[in-house]
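Biologist: I should like a close look at one part of this model, namely the place where the two chains meet. Please explain it in terms that a first-year student can follow.

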Amino acid sequence: MTYKYDNVYVGGYSTVVGPYEKDGPLSKGFDKCYDNLYNGEKTWEQAEVRLLSDSIDILLKKIQKDKKNIDLLISGDLLNQITSSSYAALKFDMPFFGIYSACASSAEGIILGASLIDGGKIKNCISATSSHNMSSEKQFRNPTEYGAPKPKTATFTATGGASIYLTREKTNIKVESSTIGKVVDMGQTDPFNMGAVMAAAAGDTIYEHLKALKREPSYYDLILTGDLGVYGREILIDYMHTEYGLDISNNYDDAGTMLYDLSKQEEVMAGGSGPACSALVNYAKILPKMEKGELDRVLFVPTGALFSPTFVYQHENINSIAHAISLEAVR
Amino acid sequence: MEKKEYKKIVDRHKPTETRVQNAIISFLIGGVVGAIGQGLIDFYSSWFDISTRDASTFMIVTLVFVASLFTALGFFDKWVTFAKCGLIIPITGFAHSMTSAGIEYRKEGPIYGLGMNIFKLAGSVILYGIVSAWLFGTIRYLLMGGI
């Protein structure tokens, strides 16, 4: 499902991160960095709520709006029952939608918000997302102090909160169009190789988007997927070429490979992941570049693996989804 | 695209794991842990003038204590990641799995947190340890008449 928007713009964005992201190459682009994974809170879960609420706080300050003037808050995260989002939302007293597309949640939020603005139902909204390395490890894998070795294809959940403000008022970045992805099953079962799980969903969504709008990959200055990591990135380039005959190798990158310094930060293995990963890279690096005039057209394609540990232990395949959002600089 | 064809693409981009290197590291470090254990047994049996059997218990308690303490101090997970099965298979791995689960779930309280989750990883070790002890005990009884 692909459609264009007439009057939806990006009015601001904010990012808050933890120590690993602070040590990464995008450090200067973040609005706030914590040196400790607890962020002054008592538990990993509360630390994640703090990241999310901090990012919304900072965004409200940046756009100089009071929370009463925001029509809708949309937020999604990885924790069971998307509790980080709802606990953070409590603080802001705004109408709230909690959503889940795993690591593609930021895209689902932007598409929902943009569609409601374009349809004239609301004037503006904030779409937020968060993830925390430790709270995710605890929920999806092992206790955080357990040092189980991981394969090279494993990715590292980003610690951060990221928010974007969408508005009907004209700014210099336009939300031009979007494509809603479908759930994809490619027979993948390895929770330590999420890049392989999600690359197919990213490929299908990118193809559907280009086909619906009759565009070539070169139409975009940058196609940015969410969190495929080093090996998932290679798989996507190969998949696009083999399945659709499209060459995206010149203008494609993956946020998971950009958030950390992969040569120095060895603990991140194949790269970053988590709902915050794609949003952090997009809001800390890509959108500022668009404002500076270095990039004009960007296709933002966050990718999510739709599964739970229970389904994996029951030997079900891991499904995935990707949504695409076309962002254009307005000159 | 068929799942089989997709699997071919995935396999083309799968990095090779350094299995031989991992095995050598695990073998060496596991051996060092074993040597430390034997050293402790010799030390306890001569120092306290006790039987080897009692000294073995002392040795196990020492290794469990050290592994738990190092886990609590926050650096043992990095050692385990490096040494892999060299530290996971000995009793240190068992202690590490219980302590890490204990640290993780203490925030949920003594009953629903610590109590219900401390065997999260170690539960399998205990269950299948008992099952295999029973199995091999039975085989031994049948073949050797309980000697």
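Modeller: The answer below begins with the contact region and then turns to one residue, the cores and chain B.

This is a predicted model, in which local features need pLDDT of at least 70 and side-chain atom pairs count only at pLDDT 80 or more, while totals for chains, interfaces and linings use all residues. Residues are numbered from 1 along each chain as its sequence is written, and chains are lettered from A and ligands numbered from 1 in the order in which they are written.

Where the chains meet, 24 residues of chain A are in contact with 28 residues of chain B (two residues are in contact if their C-beta atoms, placed from the backbone, lie within 7 Å). On the side of chain A that touches chain B, the elements giving two or more residues are α6 (194-212) and α7 (229-244) of chain A. Helices are DSSP runs of H or I with at least four residues, strands are runs of E with at least two, and both are numbered from the N terminus. The most residues on this side, 7, come from α7(A). By type, this side of chain A divides into 10 nonpolar, 7 polar and 7 charged residues; Ala, Val, Leu, Ile, Met, Phe, Trp, Tyr, Cys and Pro count as nonpolar, Asp, Glu, Lys and Arg as charged, and the others, Gly among them, as polar.

Helix α6 of chain A contains A:Asp204. A:Asp204 is buried, because 23 other C-beta atoms lie within 10 Å (a residue is buried if 20 or more other C-beta atoms lie within 10 Å of its own, exposed if 12 or fewer, and partly exposed in between). Leaving out residues up to four places away in sequence, A:Asp204 touches A:Lys182 and A:Val184. A:Leu236 is 32 residues from A:Asp204 in sequence, and their C-alpha atoms are 9.9 Å apart in space.

The largest nonpolar core has 109 residues, and A:Leu166, A:Val175 and A:Leu280 have the most contacts inside it. Such a core is a set of buried Ala, Val, Leu, Ile, Met, Phe, Trp, Tyr and Cys residues joined through C-beta atoms within 7 Å. A second, separate core of 14 residues includes B:Val80, B:Ala83, B:Phe94 and B:Tyr105.

Chain B itself has 8 helices and 0 strands. Of its 147 residues, 24% are buried. The C-alpha trace of chain B spans about 70 × 50 × 35 Å along its principal axes.
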